[in-house]
Amino acid sequence: MVAGMEISASAVRAASEVRVVFGRVKRRLKALADTDDLTPSQSSVLSRLDKDGPASASELATAERIRPQSMAAILAALRQADLIQRHPDPQDGRRQVVSLTSAGRHRLQGDRKVRQEWLAQALQDHCTEAERQKIITALALLDRAIEAAR
C-alpha cells in the first residue's frame with residue numbers, strides 16, 4: 001500500500017488472476033521443455049548466458065543469487081553435458097568466462113520453439129481473433145504497469 005492509498009478490489013483480483021494464470025502457463029511450458037536431465041538452476045544459467053552473453057562464474061552466481069560454490073557445481077554439470085565452454089576473458093586473461101556452446105544454443109532454441117509452437121496452437125485453437133487481440137493488449141498493459149512500478 002502506498003502512503004495511505006487503498007488498493008482497489010479490481011487491482012487485487014487482477015493481480016491474483018495474473019499470478020495464477022502465469023503460474024499455470026509457466027508450469028505447462030516448463031513441462032514441454034527438453035530439460036528432463038537439467039535442473040531448474042542449470043536451465044536458468046543457460047538462459048541467462050543466451051540472453052546476456054558470456055559471463056564469469058562469479059557474475060553468474062551474483063545474477064542467479066546463489067553461492068559461488070553452487071554455481072561451480074552447476075557449471076561443472078553444464079560443461080560435462082557440453083552445453084557451455086570456458087575461455088580466457090579478452091580484457092583479463094587471468095579470468096575465465098563462460099559461454100554457450102553451439103549444442104547449448106541449439107538446445108535452448110529447440111526448447112523455445114516447442115514452447116512457442118504449443119502456446120501459439122493453444123491460442124489458435126481456443127481463442128477467437130478478437131480474443132487474441134485482447135490478450136496482446138492486456139499483456140502490453142501489464143508490461144507497462146510492471147515497468148512503471150520498478
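# Reading the terms in a predicted model

The protein chain has six helices and two strands; helices (H or I, at least four residues) and strands (E, at least two) are DSSP runs, numbered from the N terminus. The model is predicted: local features need pLDDT of at least 70, side-chain atom pairs count only at pLDDT 80 or more, and totals for chains, interfaces and linings use all residues. Residues are numbered from 1 along each chain as its sequence is written, and side-chain values use heavy atoms, with hydrogens and water left out.

User: In what pattern do the helices and strands of the protein chain follow along the sequence?

Analyst: The pattern is α-α-α-α-β-β-α-α.

User: What makes the protein chain more spread out than a compact globule?

Analyst: The radius of gyration is taken over C-alpha atoms, and the globule rule is 2.2 Å times the number of residues to the power 0.38. For 150 residues the rule gives 15 Å, and the protein chain has 20 Å, well over that, so it is more spread out than a compact globule. The C-alpha trace spans about 55 × 45 × 25 Å along its principal axes.

User: How far apart are the C-alpha centres of domain 1 and domain 2?

Analyst: They lie 32 Å apart. Domain 1 covers 39-100 and domain 2 covers 115-149; these bounds come from an automatic or database domain assignment.

User: Why is Asp111 called buried?

Analyst: Buried means under 20% relative accessible area, exposed over 50%, and partly exposed in between (1.4 Å probe, protein chains only). Asp111 has 6% relative accessibility, so it counts as buried. Asp111 lies in helix α5 (residues 102-126). Across the protein chain, buried residues make up 22% of the 150 residues.

User: Why is Arg65 called exposed, and why is Asp82 called partly exposed?

Analyst: Arg65 is at 76% relative accessibility, so it counts as exposed. Asp82 has a relative accessible area of 40%, so it is partly exposed. Arg65 is found in the loop between α3 and α4, and Asp82 is in the loop between α4 and β1 (84-88). Arg65 has a positive phi of about 60° although it is not a glycine. Asp82, also a residue other than glycine, has a positive phi near 60°.

User: Which residues of helix α3 are buried?

Analyst: In α3 (residues 57-64) they are Leu60, Ala61 and Glu64.

User: How do you know that the buried residues of α3 line one face of the helix?

Analyst: Seen down the helix axis, they fall within an arc of 100°, so they line one face. The arc is that of the directions from the helix axis to the C-beta atoms. These buried residues pack against α2 (40-52), α4 (68-80) and β2 (96-100).

User: What makes a set of residues a nonpolar core?

Analyst: The set must consist of buried Ala, Val, Leu, Ile, Met, Phe, Trp, Tyr and Cys residues joined through side-chain atoms within 4.5 Å. The largest such core here has 16 residues, and those with the most contacts inside it are Val45, Leu46, Leu49, Leu60, Leu78 and Ile84. α2, α3, α4 and β2 each supply at least two residues of this core. The largest share, four residues, comes from α4. In soluble globular proteins, nonpolar side chains tend to be buried together.

User: Which residues is Ile84 in contact with, leaving aside neighbours within four places in sequence?

Analyst: Contact means heavy atoms within 4.5 Å. The partners of Ile84 include Leu46, Leu49, Leu75, Leu78 and Val98.
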